[in-house]
Amino acid sequence: MSRSARLHQKRGVMASFIRGVSEVLSSINVAQAQQHAEQYGRSPPSQFAWQGTWRSTYLKQASNLEPRVDCFNLFADVLHRPFFCAHVPLSPFAAGIPRQNEIARLADLSPGAFNALWVNKPFILTEPVKQWPVYSAWSTEDLLEKYGDVCFRAESVDWPLKTYVDYMSNTHDESPLYLFDRAFAEKMGLKASVRPQTDADYWPPACFGSDLFNVLGEQRPDHRWLIVGPERSGSTFHKDPNATSAWNAVLKGRKYWIMFPSSASLPPPPGVYVSEDQSEVTSPLSIAEWLLGFHADARQTAGCIEGICEEGEVLHVPSGWYHLVLNLEPSIAITQNFVPRRRVGAVLQFLRDQKQSISGFRDDVPDPYALFVERLRVSDPELLQEGMQELDKLGKGGKGRWEELRNGAEDEAAEGAGFAFGFGSDDEDADVP
Ligand SMILES: O=C(O)CCC(=O)C(=O)O
Ligand SMILES: [Fe+2]
C-alpha cells in the first residue's frame, strides 16, 4: 500500500537504511561510499544478495566477516535503544490477554448476523479460510519455487521474492522491511472469486456481503494486498484508508492484534498523537518501542480489544478502528478492504470531509466523493438515500456516544474520519499498514 496521504511516519526501511549507511560510512571512505551509492541507487540493484546485515550486504561480504564489537562498557541510549528494541522478546506482550479485552472467536457468520450485529465489532472467524485453495497450497517454499523471480513491493523497494525471503530469514532489523504488495493477484495469476468456486484461489468470507466500492469498477481505490513478513514485523497503529472495513486472512504464521474504536469523543490509543485536523499522526517508530512504552497502559484502556489470529483464520477490522499488528511467527496473509452496506454513511462522510486524507485512488479520479455518489445514484438509489441520512446524522453528533460503543450498540458507527493509511502509487516510498 503506498500512502499518498503520507500521514504516518516513515518506518522500517528508513531506519534500517540510515543505520546501515551510518555503519558503513564509519568504516569506508567517502569515495567508496559514492561508488556504492551509485551502484545501490536503483531498486533492485544488480546482483543484490542479502548477507545477514545491511553493512555486509552493502560491502558484499559474507556475514561471518561482520566484526563483533564488544559494547559491554558502552553506555549510550542512542545506540542501546535500537539494539534493545531489535532484540527484546515480543511474544510476552501477546500473552495474558485480559478476559474483557479478548476478541470474539466464531466458527463462521451469516451475512444477516454480520449486518445486524457485527459491522462495528472486531472478530475472528476460524473456518472460512480453511476452504481456500491457497490455504493448503501455500508455504514459503512453494511460493519461492513458483514466484522466486517475481518482484514484490516491500515498503520502498521492489525485490524478487527470493531476495525478500533471504532477507526475512536472516534479519535483526528493529522494524523489518514488510512485503506489502497490492498487485499480487495479477503478478501471481491468482483468481479471486466473489463466492466459493472450484477454479478460484480464494474468495472473501461470505458474511461480509457485497463490497459497495464495486460500483466504482476500475476506478475503485487499491483494495487488496499480499502481506509477508518475518517474526517481529507488522503494522504500527493506523486506521484503514477511506473509512473502509477490512478482513485479514492468515495463511501462514500467527498475528497478534491490538485494536481500539475511534470517535470524535475518544482519545487515540495510548502513545498515538493526532493533530487537530486529524491529518497528522505521531507514534513510536517501531512496534517494539510502542509495546515497551505503552502496551501496559493500553491494555487497561476502555475499548481495548486484543487477540491472536492463528493460521487459517481471518480477522475483521471494522472501519475507523485503530489497530497495531505484530507477527509472532514468519507470516503470509491476504488482506482486503471493503465497504459494507452499514458503513456507506461513514465512507461518504470521509470522502466528503477528509479530502486531504483520501488515498489509493488513481489520479484520474479527482473527486472520489462525487464519483461514489453518482455511481450509487445509478446502481442503488435507496442505499444512497440511506447513506445520506446516515451522513447527516454523523455530521450532527458523533460525540458522546462512547457508552453506546462500549455497550456494543449496533447503530454506533466508529467514525471513519481522521488519519488513515494512505495508499498511493508504486513510485512512492510505501509505508505498510
Ligand atoms: O497483517 C498486518 O500487518 C496488518 C495489515 C493491516 O493493517 C490490515 O489488514 O488492515
Ligand atoms: Fe490496517
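Here are some notes on the fold, the core and a few individual residues of this predicted model.

1. **Overall make-up.** The protein chain is a mix of 14 helices and 15 strands. It runs to 433 residues, and 45% of them are buried. If you take the contacts with a separation of 6 or more, 80% are between residues 24 or more positions apart.

2. **The core.** The largest nonpolar core holds 85 residues. The members touching the most others are Ala154, Tyr164, Leu179, Ala249 and Val347. As background, nonpolar side chains tend to be buried together in soluble globular proteins. For a feel of how this works locally, try Ala249: once you set aside its neighbours within four places in sequence, its contacts are Val129, Val314, Ala333 and Ile334.

3. **Helix 8.** Tyr164 also turns up among the buried residues of helix 8, which covers residues 161-169. The others there are Leu161, Thr163, Val165, Tyr167 and Met168. What do the buried residues of helix 8 pack against? One partner is a helix, namely helix 7 (140-147). The rest are strands: strand 3 (151-154), strand 4 (157-160), strand 5 (179-181) and strand 6 (224-229).

4. **A four-stranded sheet.** Have a look at the open sheet with strand order 7-14-9-12, where the pairing is antiparallel. Strand 7 (234-238) and strand 12 (305-309) are the edge strands; each has a single partner, so one side of each has no neighbour in the sheet. From one strand to the next, the twist averages 15°. In general, the strands of a sheet pair through backbone hydrogen bonds.

5. **Pairings made by strand 14.** Strand 14 (residues 322-327) pairs with strand 9 (residues 255-260) through six antiparallel bridges. Two of the residue pairs to click on are Phe260 with Tyr322 and Ile258 with Leu324. Strand 14 is also joined to strand 7, again antiparallel, by three bridges. In that pairing, Gly234 sits opposite Leu326.

6. **Is strand 14 buried on one face or both?** Both faces are covered. Tyr322, Leu324 and Leu326 are buried on one side, and His323, Val325 and Asn327 are buried on the other. That makes six buried residues out of six, so strand 14 is largely enclosed by the rest of the structure.

7. **Helices 11 and 12.** Helix 11 (residues 344-353) packs against helix 12 (residues 368-379) at an angle of about 145°, and their axes are 8 Å apart. Leu348, Leu351 and Arg352 come from helix 11, and they meet Pro368, Tyr369 and Phe372 from helix 12. By type, the residues of this contact are five nonpolar, one charged and no polar.

8. **Ala288.** This residue belongs to helix 10 (residues 287-300). Ala288 has 24 C-beta neighbours inside 10 Å, which is why it counts as buried. Leaving out neighbours within four places in sequence, Ala288 is in contact with Cys85, Val88, Leu90 and Glu174. The C-alpha atom of Ala288 is also 9.6 Å from that of Thr236, a residue 52 positions away along the chain.

9. **Two positive phi angles worth a look.** Arg232 is not a glycine, yet its phi is positive at about 80°. Arg232 is in the loop between strand 6 and strand 7, and it counts as buried because it has 26 C-beta neighbours inside 10 Å. Ala243, also not a glycine, has a positive phi of about 60°. You'll find Ala243 in the loop between strand 7 and strand 8 (245-252). Ala243 is buried too, with 29 other C-beta atoms within 10 Å.

10. **Asp199: buried or exposed?** Asp199 is exposed, since just 7 other C-beta atoms lie within 10 Å and the cut-off for exposed is 12 or fewer. Asp199 is part of the loop between helix 9 (184-188) and strand 6. Pro133 is 66 residues from Asp199 in sequence, while their C-alpha atoms are 9.1 Å apart in space.

Key. Residues numbered from 1 in each chain as written. Chains lettered and ligands numbered in written order. Predicted model: local features only at pLDDT ≥ 70, side-chain atom pairs only at ≥ 80, totals over all residues. Buried ≥ 20, exposed ≤ 12 C-beta atoms within 10 Å, placed from the backbone. Contact = placed C-beta atoms within 7 Å. Axes fitted to C-alpha atoms, helices over the stretch in contact; angles between N-to-C directions. Nonpolar A, V, L, I, M, F, W, Y, C, P; charged D, E, K, R; others polar. Core = buried A, V, L, I, M, F, W, Y, C linked by C-beta atoms within 7 Å. Pairing = 2+ DSSP bridges.
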